[in-house]
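User: Please take a close look at one part of this structure and explain, for someone who has not seen it before, how that part is set within the chain.

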Amino acid sequence: MNSSLPLSCPADCASVHATANDPDKRRWLIATGAAGGAAVLATAVPLVSTFAPSERARAAGGPVEVDLSDIPPGGAKTVEWRGKPVWVMRRTPEMLAALQGHDAELADPQSLKDQQPAYARNVARSIKPELFVAVGICTHLGCSPSSVPQGTANPSLPADWAGGFFCPCHGSTFDGAGRVFKNKPAPTNLEVPPHRYAGETRLLIGEDAA
Ligand code: FES
């Protein structure tokens, strides 16, 4: 796991960053809600994972290739690209359906701000609706959000939570396409990096689609 991700946040997030790269510590952090008084999110799913050496070698600049064949529906993996964690998530039909119907609650439902390539400026914010690719860094002050499934009951989340991502530092919430909810400290949707598909099971992060 990369221990030098270019994250920055205020002092109260220091413990988050110190543990963000250690899955065991991170699970503990989420479970205890130690960051910024965040409440317990027992079902939060950490998206940080171990980076393969080949990915690390390419992280300094070039595109990173991702094998999609081992990502099950509802599953995700994290790779490193230019020193940043990038999530690759295979969304289920239910997760895609959950992207509808809450535009009024979002700060930028049409993704008008420049947080994604033009080919990802759509409801799913992706090339293939089922595959979501996003930089796993909160757009507020750089903490690492976690994936939180639909139906998770927690005071930090809306009662009708349809699934998405939660940042424990200051409580920003994002839907399953990384679109930020209104009245949260994060100012913009999560970043979608340039990417393209080089086959049914190969993704290249760092190269634009045609
Ligand atoms: S870093 Fe502040 S809400 Fe994510």
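Analyst:
**A loop, the strand that follows, and the core**

Ser 111 belongs to the loop that connects helix H4 (93-97) with strand E4. The model is a predicted one, and this loop is a useful place to begin reading it. Most residues other than glycine have a negative phi. Ser 111 is not a glycine, and yet its phi is positive, near 55°. Is Ser 111 buried or exposed? Ser 111 counts as buried because 20 other C-beta atoms lie within 10 Å, and 20 is the number from which a residue is called buried.

Ala 107 is found in this loop between H4 and E4 as well. Its surroundings can be described by the same kind of count: Ala 107 is partly exposed because it has 16 C-beta neighbours inside 10 Å. Which residues does Ala 107 touch, leaving out those up to four places away in sequence? They are Val 180, Phe 181 and Lys 182. Ala 107 and Lys 182 are separated by 75 residues in sequence, but their C-alpha atoms are 4.6 Å apart in space. Such pairings have counterparts elsewhere in the chain: among contacts with a separation of 6 or more, 60% are between residues 24 or more positions apart.

It helps to place the loop in the order of the chain. There are four helices and nine strands, and from the N terminus the elements follow the pattern α-α-α-β-β-β-α-β-β-β-β-β-β. Of the 210 residues, 36% count as buried.

The loop leads to E4, and E4 is part of a sheet. Strands of a sheet pair through backbone hydrogen bonds, either parallel or antiparallel. Here three strands make an open sheet in the order E2-E3-E4, with antiparallel pairing. E2 and E4 are its edge strands, each pairing on one side only. From one strand to the next, the twist averages 20°.

Within this sheet, E2 and E3 run antiparallel and are joined by six bridges. Two pairs illustrate the register: Thr 78 has Trp 87 of E3 as its bridge partner, and Glu 80 has Pro 85, again in E3. Five of the six residues of E2 are buried, so that this strand is mostly covered, as the 20-neighbour cut-off defines burial. The two strands form a hairpin with two residues between them. Arg 82 lies in this connecting loop, and it offers a second case of a positive phi outside glycine, at about 50°. Arg 82 counts as partly exposed because it has 17 C-beta neighbours inside 10 Å.

The sheet also contributes to the largest nonpolar core, which has 31 residues. Which of these residues touch the most other members? They are Val 79, Val 86, Val 88, Val 133 and Ile 205. At least two residues of this core come from each of E1 (64-67), E2 (76-81), E3 (84-90), E4 (131-135), E6 (164-166) and E9 (202-205). E3 gives the most, with four residues. Val 86 shows how these parts meet: beyond its neighbours within four places in sequence, its contacts are Thr 78, Val 79, Trp 81, Val 133, Val 135, Gly 136, Pro 193 and Ile 205.

Ile 205, one of the contacts of Val 86, directs attention to E9. In a regular strand the side chains alternate between the two faces of the sheet. Along E9, Leu 203 and Ile 205 point to one face and are buried, whereas Arg 202 and Leu 204 point to the other and are not. E9 is joined to E1 by four bridges in the antiparallel sense, and Val 64 stands opposite Ile 205. E9 also pairs with strand E8 (residues 195-197), antiparallel and over three bridges; there Arg 196 has Leu 204 as its bridge partner. E8 and E9 form a hairpin with four residues between them, and Gly 199 in that turn has a positive phi of about 140°.

In summary, the part examined is a loop in which Ser 111 is buried and Ala 107 is partly exposed. The strand that ends this loop, E4, is an edge strand of the open sheet and supplies at least two residues to the largest nonpolar core.

Conventions. Residues numbered from 1 in each chain as written. Predicted model: local features only at pLDDT ≥ 70, side-chain atom pairs only at ≥ 80, totals over all residues. Core = buried A, V, L, I, M, F, W, Y, C linked by C-beta atoms within 7 Å. Buried ≥ 20, exposed ≤ 12 C-beta atoms within 10 Å, placed from the backbone. Contact = placed C-beta atoms within 7 Å. Pairing = 2+ DSSP bridges. Axes fitted to C-alpha atoms, helices over the stretch in contact; angles between N-to-C directions.
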